[in-house]
Amino acid sequence: MRKMKNNRLTNKKSPQRLRRLIAVIAAGALTIHGAMSILPSQANAESADISIRNWHPSSVLTVPELKPSWTAQVDNYLKMDEAYSGRHAVAKEGKVFTFAGSRLIAIDAKTGKRLWSYGKDLKPYLVYDHGVIYGLTADQRPYAVNAKTGKLKWQSKTSILIDARYGTEALVPTSDTLYAIKGSMTFALDKATGKLHWKMNEPAGEGNGTDYLHEADGVVLRTFLVQGALTSIQLNAYDKKTGKKLWEDFGQGAALQIKDGLVYSVDYYSPLLFDYQSLPDRKLIVNVFNLKTGEKKGTREYNWKLSGEPPYQYGGGSSFMTGGKLYVDQGDKVAEYHFDTYKTGLAPLRTFQRPYGEEWELIGLLQERLIFQNRNTGGLAGSKLVNGRVIGWNSDAPAAQIDVYGKGIYRAQRNGTLLGINLLTAKPVFRVKTGADLHESTLMTNGMIIIQAEGKLLGVKVPASLR
């Protein structure tokens with residue numbers, strides 16, 4: 001009882017103490033108010049016009065991480081010189097050929113050891129063919145270097161420098177000729193000596209040539225972008241020995257097939273004249289020309305109808321040839337035809353489902369799978385030939401570069417990693433940290449993949465499951 005009484009006495013405050021406590025609190029409040037009155041006035045933060053939070057966590061694939069066998073510093077052409085993007089490195093013979101300090105160098109793909117270097121102030125462009133590296137000097141003179149020793153074989157006296165605005169540049173080696181493309185110009189050089197045989201310009205191209213060049217039966221085919229009331233592609237044929245133009249045909253593209261003296265080429269001009277929004281009818285037109293004279297020998301039409309109601313979209317039309325089969329994107333499906341057994345009204349051998357959405361473009365056939373690329377994201381999807389089932393290869397970041405070798409999809413991503421995926425099973429296999437945002441084509445030679453990141457190469461041993 002005494003203890004409880006003491007507690008009550010202790011908690012009870014006299015009127016005098018209560019008045020003193022109130023005074024202290026009031027003085028403190030005045031002090032704080034006074035302090036705030038002498039601080040600078042605070043501006044309220046503005047509200048965002050739009051503020052969105054993403055509550056959906058991105059998936060992160062859990063896969064083994066592989067360490068590079070080696071890393072080498074090289075010239076960074078991913079940002080420096082976009083005109084040569086994709087042309088400044090190749091991997092062959094167990095070696096990687098690229099540039100460092102504007103010099104051509106060779107690196108052992110297994111160890112990363114530098115084997116040799118050549119030249120100075122070279123253009124970051126190279127092509128490999130049968131043990132020889134072909135490139136361009138600072139003043140754009142083609143040269144040839146022995147890929148094994150790094151010794152110069154020849155340097156041409158001819159420069160292909162025409163006009164800096166002409167973006168298309170390419171070197172195309174054939175059996176005995178090195179063709180150099182510069183815009184709408186074509187140069188034919190002796191492959192053994194670099195001596196100029198002839199050069200030719202297509203005036204209608206006005207400098208706008210593609211990098212397509214094909215040689216067959218003494219004829220050289222090239223395509224150009226020709227502007228007019230309607231801009232389209234144009235197919236030209238030249239005599240291999242003299243460079244004389246044999247014929248041209250506006251609206252025709254690269255050859256689907258050259259066989260028995262005939263050129264089979266897709267007509268890209270006629271569809272431009274078609275009111276595709278009003279009518280569901282579609283057709284792929286393949287014209288047939290005499291290779292040497294350009295005389296038109298026939299026309300093939302592959303027809304289909306789009307489903308739905310107007311206005312219709314363009315509805316596919318992309319096509320490619322492989323193994324004697326023609327594959328045509330027909331809007332909601334892909335049709336397969338025997339190319340050599342054409343007749344009017346020919347029905348497809350079979351059709352395949354394509355990925356949903358107009359953003360998917362048919363680009364090829366690999367491992368018995370039709371391959372499609374998403375125009376917006378660059379991602380890949382496939383359709384199995386055996387059952388038509390659409391498949392995808394999942395990832396966990398936007399792609400900077402995707403390359404496929406055999407059973408492996410090598411996806412260099414914008415999060416500083418490269419993801420290796422099994423093409424057949426669609427399962428991720430490994431990851432490599434690259435530390436880069438931008439990447440170029442992943443190369444492969446002698447059981448190694450060579451990752452091109454910003455200013456460096458990384459050599460990684462390919463897992464057995466992807467070989």
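User: Lys-245: buried, exposed or in between?
Analyst: In this predicted model, Lys-245 counts as partly exposed, because its relative accessibility is 28% and the partly exposed class runs from 20% to 50%.

User: Which residue does Lys-245 form a salt bridge with?
Analyst: The partner is Glu-202. The closest N and O atoms of the two residues are 2.6 Å apart. Glu-202 lies in the loop between β13 (196-201) and β14 (209-216), while Lys-245 is in strand β17 (residues 245-250), so the salt bridge ties together parts that are 43 residues apart in sequence.

User: And Glu-202, buried or exposed?
Analyst: Glu-202 counts as buried, because its relative accessibility is 3% and the cut-off for buried is under 20%. The salt bridge therefore joins a buried Glu-202 to a partly exposed Lys-245.

User: How many salt bridges turn up in the whole structure?
Analyst: The search finds 20.

User: What does Glu-215 pair with?
Analyst: Glu-215 forms a salt bridge with Lys-240, with 3.1 Å between the closest N and O atoms. This pair also links distant parts of the chain: Glu-215 is in strand β14 and Lys-240 in the loop between β16 (232-239) and β17, 25 residues apart.

User: Which other residue is in a salt-bridge network with Glu-215 and Lys-240?
Analyst: Asp-176 is linked with Glu-215 and Lys-240 in a network of salt bridges.

User: What about Asp-332 and Lys-333, what is the N to O distance there?
Analyst: The side chains of Asp-332 and Lys-333 meet in a salt bridge at 3.8 Å, N to O. Asp-332 counts as partly exposed because its relative accessibility is 45%. Lys-333 falls in the partly exposed class too, at 23%.

User: Switching to aromatics. How many aromatic pairs are there?
Analyst: The count comes to 15 aromatic pairs. One of them is Tyr-134 with Trp-154, a tilted pair with 6.2 Å centre to centre and 45° between the planes. Tyr-134 is in strand β7 (residues 132-136) and Trp-154 in strand β9 (residues 152-155), 20 residues apart, and the pair links distant parts of the chain.

User: Why "tilted" for Tyr-134 and Trp-154?
Analyst: The planes of Tyr-134 and Trp-154 are 45° apart. Stacked needs under 30 degrees and edge-to-face over 60, so an angle in between is called tilted.

User: Are those two rings, Tyr-134 and Trp-154, buried or exposed?
Analyst: Tyr-134 is buried, with a relative accessible area of 3%. Trp-154 is buried as well, at 5%.

User: Which residues form an aromatic cluster?
Analyst: Phe-97, Trp-116 and Tyr-128 form one aromatic cluster.

User: Which ring does Arg-300 lie over?
Analyst: Arg-300 lies over the face of Phe-339, at 4.4 Å from the ring centre.

User: Now the surface. Which residues make the nonpolar patch?
Analyst: Phe-274, Tyr-276, Leu-279 and Tyr-314 make a nonpolar surface patch of about 340 Å².

User: Where is Tyr-276, and why can it count towards a patch?
Analyst: Tyr-276 is found in the loop between β19 (262-267) and β20 (281-290). Its relative accessible area is 31%, which makes Tyr-276 partly exposed. Patch residues need over 30%, so Tyr-276 passes that cut-off.

User: Different spot: which side chain is in polar contact with Thr-223?
Analyst: That of Thr-210, with a polar contact of 2.5 Å joining the two side chains. Thr-223 is in strand β15 (residues 219-226) and counts as buried, at 2% relative accessibility.

User: Backbone next. Which peptide bond is cis?
Analyst: The bond from Pro-310 to Pro-311 is cis, with omega near 0°. Pro-311 sits in the loop between β21 (296-305) and β22 (319-322).

User: What is phi at Gln-367 and at Ala-426?
Analyst: Gln-367 has phi near 50°, a positive value in a residue other than glycine. Ala-426 also has a positive phi, near 70°.

User: Why flag a positive phi?
Analyst: Most residues other than glycine have a negative phi.

User: Where are Gln-367 and Ala-426?
Analyst: Gln-367 lies in the loop between β26 (360-366) and β27 (369-374), and is partly exposed, with a relative accessible area of 36%. Ala-426 is in the loop between β32 (417-422) and β33 (428-433), and counts as partly exposed at 25%.

Conventions:
Residues are numbered from 1 along each chain as its sequence is written. This is a predicted model: local features need pLDDT of at least 70, side-chain atom pairs count only at pLDDT 80 or more; totals for chains, interfaces and linings use all residues. Side-chain values use heavy atoms; hydrogens and water are left out. Patches are made of residues with over 30% relative accessible area and no salt bridge: like charges are joined within 9 Å, nonpolar side chains (Val, Leu, Ile, Met, Phe, Trp, Tyr) within 5 Å. Accessible areas come from the Shrake-Rupley method with a 1.4 Å probe; for residues, only the protein chains shown count as cover. A salt bridge is a side-chain nitrogen of Lys or Arg within 4 Å of a carboxyl oxygen of Asp or Glu. Helices (H or I, at least four residues) and strands (E, at least two) are DSSP runs, numbered from the N terminus. Buried means under 20% relative accessible area, exposed over 50%, partly exposed in between (1.4 Å probe, protein chains only). Rings of Phe, Tyr and Trp (its six-membered ring) pair if their centres lie within 6.5 Å; planes under 30 degrees apart count as stacked, over 60 as edge-to-face and the rest as tilted. A charge sits over a ring if NZ of Lys or CZ of Arg is within 6 Å of the ring centre and within 35 degrees of the ring normal. A polar contact is a pair of N or O atoms within 3.5 Å; within protein, one must be able to donate a hydrogen and the other to accept it, and residues adjacent in sequence count only if both atoms are side-chain atoms.
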